[in-house]
Amino acid sequence: MFERRAYMLDVSRDRVPTRETLEWLVGALAALGFNELQLYVEHTFAYAGHQEVWEGASAFTSGDLRWLDYYCETNGVELVGNMNCFGHMERWLVHERYRSLAECPNGAPALFGSGTMRPGCLAPTAENAALGVTLARELAGVLRSRRIHIGGDEPFELGEGASAPDTAERGRETVYIEHLSRIIEPLADDGYQVMFWADQFRRDRSLVSRIPAGAIPVVWNYEAPSQGGWQSFLPPELADRLGLPDDPHLGFEAHARLFIETGRPFWVAPGTSSWNTFIGRNLNAAANIADAAAVGAAWGAPGFLLTDWGDNGHHQPLPVSLPSMVRGGAAAMGESLGDDAAVAGRVDDLLGCEPGVGALIDRLGRIGEGLGMVSLNSSPIFTSLCSTGFPGVGEPDPEAVSDGLGTLAEAREWFSQPIGGLRGTVVAAELEAACHLAELGLRRLGAEFGLEVEAPTGSEIDEAASAQRRAWLLSSQPGGLEDSIGKLIR
């Protein structure tokens with residue numbers, strides 16, 4: 001059993017849950033053995049003096065988080081602030097007031113394909129470090145917890161703009177750790193345990209010794225271990241920008257190697273694999289979670305953090321993540337769930353619904369993985385309708401496409417009416433809308449490869465978008481909704 005058993009929900013990629021949804025989530029986490037909740041915010045906390053960043057986003061106020069902090073405490077769950085203040089600052093840097101703080105104010109080469117991605121990384125300056133400390137103090141000061149997660153992951157543009165001369169002279173790694181330390185050390189002096197994402201510590205062993213004392217590196221990896229080398233499908237320059245180890249397909253063994261070799265304590269962070277999918281990647285999630293738990297337990301990791309991201313619009317509703325949450329809770333507790341039927345039964349219990357819903361949700365989350373294509377951090381079903389992320393390699397199997405469409409049709413029929421339980425109407429509407437989007441994505445994917453399926457029309461996509469809007473507002477705030485819908489390709 002891990003001492004800290006945490007679940008992190010991304011509330012910054014458009015979807016901000018209502019209080020009712022958060023109440024249900026906290027109860028579900030407690031029932032599954034989690035003792036910590038982290039809400040990942042970029043622009044969805046109402047930071048004082050920064051209204052232009054968060055207005056219109058349904059941002060959490062201090063009062064909202066104090067309410068949630070109290071509700072978590074009454075359920076035996078600790079609420080911990082989770083934020084970013086280095087990379088992933090796109091929602092700040094889009095505003096002219098902050099643009100000059102960017103490493104690349106005019107953008108940098110896109111990760112996938114040609115073109116330019118909008119500025120997302122702050123330049124590693126003393127001014128920006130001070131901003132990060134101020135934001136962290138404000139978020140942490142609202143909560144009882146004496147820990148704070150400051151992010152620090154994926155500073156893709158670092159060394160390509162404002163800091164280029166410095167990184168050329170002293171090395172990108174040195175510039176990175178010095179800037180991270182300028183944020184961590186004042187917070188540690190305040191008495192906080194500071195957590196940060198450890199993806200910049202996968203290649204340079206000497207960098208590990210420079211992590212400030214007491215800081216907690218969180219090793220994340222969201223792909224299941226495999227015998228093959230999926231990294232061979234990535235352009236070398238992309239693998240470099242991602243900072244991947246030479247053998248990322250080995251899973252947490254590779255991603256945590258430098259911490260294992262140096263004896264530095266670390267947390268493990270697998271994922272629900274629900275983002276960039278509509279309906280999940282449950283086989284990948286199950287193996288990824290098991291791998292994280294095994295490596296973490298073998299090396300005495302004190303914490304297990306199950307992440308639930310919302311990349312590219314957070315189209316998937318929370319129930320899609322439930323099978324992975326059940327598996328993650330059991331793994332963190334050091335328990336064996338048995339077979340998939342046991343997982344499905346726990347999902348039914350959490351929803352308080354009729355038997356069979358959990359099994360169907362879990363089965364939906366395997367459709368994209370059974371197409372015979374190689375995907376990374378996404379499903380081909382999703383990327384065919386949203387054209388973001390890794391597009392997948394290979395061609396879909398015609399029979400698998402046909403079977404998948406049949407399962408989606410079955411699910412849409414099932415979810416066309418309430419499924420029982422206190423949230424039965426909400427969950428049914430959310431899952432029907434997710435299946436509708438997945439059906440259109442699978443049809444477009446099949447049509448693109450010349451299979452005997454009809455590509456979705458613009459009017460069909462508009463109809464699915466309308467269903468998504470209605471379902472979204474049953475469980476989530478309106479801020480970000482139109483931004484999410486706008487990512488669908490007509």
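Q: What makes Gly441, Leu442, Arg444, Leu445 and Glu448 the residues that Ser384 touches?
A: Contact means heavy atoms within 4.5 Å, and Ser384 touches these five names, Gly441, Leu442, Arg444, Leu445 and Glu448, once residues up to four places away in sequence are not counted. This is a predicted model, where local features need pLDDT of at least 70, side-chain atom pairs count only at pLDDT 80 or more, and totals for chains, interfaces and linings use all residues. Residues are numbered from 1 along each chain as its sequence is written, and side-chain values use heavy atoms, with hydrogens and water left out.

Q: Why is Ser384 called buried?
A: Buried means under 20% relative accessible area (1.4 Å probe, protein chains only). Ser384 has 8% relative accessibility, so Ser384 counts as buried.

Q: How many cavities of 30 Å³ or more does the count come to?
A: A cavity is a set of points, on a 1 Å grid over the protein atoms alone, where a 1.4 Å probe fits but cannot get out. By this rule there are two of 30 Å³ or more. The largest holds about 130 Å³ of space, with a volume being the space filled by probe spheres set on the points, joined across faces, edges and corners.

Q: What classes make up the lining of the second largest cavity?
A: Happily, this one is easy to tally: eight nonpolar, two polar and no charged residues. Ala, Val, Leu, Ile, Met, Phe, Trp, Tyr, Cys and Pro count as nonpolar, Asp, Glu, Lys and Arg as charged, and the others, Gly among them, as polar.

Note on methods: Buried < 20%, exposed > 50% of the residue type's maximum accessible area, 1.4 Å probe, protein only. 1 Å grid on protein atoms, 1.4 Å probe; cavity = no way out; pocket = protein on both sides within 12 Å on 5 of 7 lines; lining within 4 Å.
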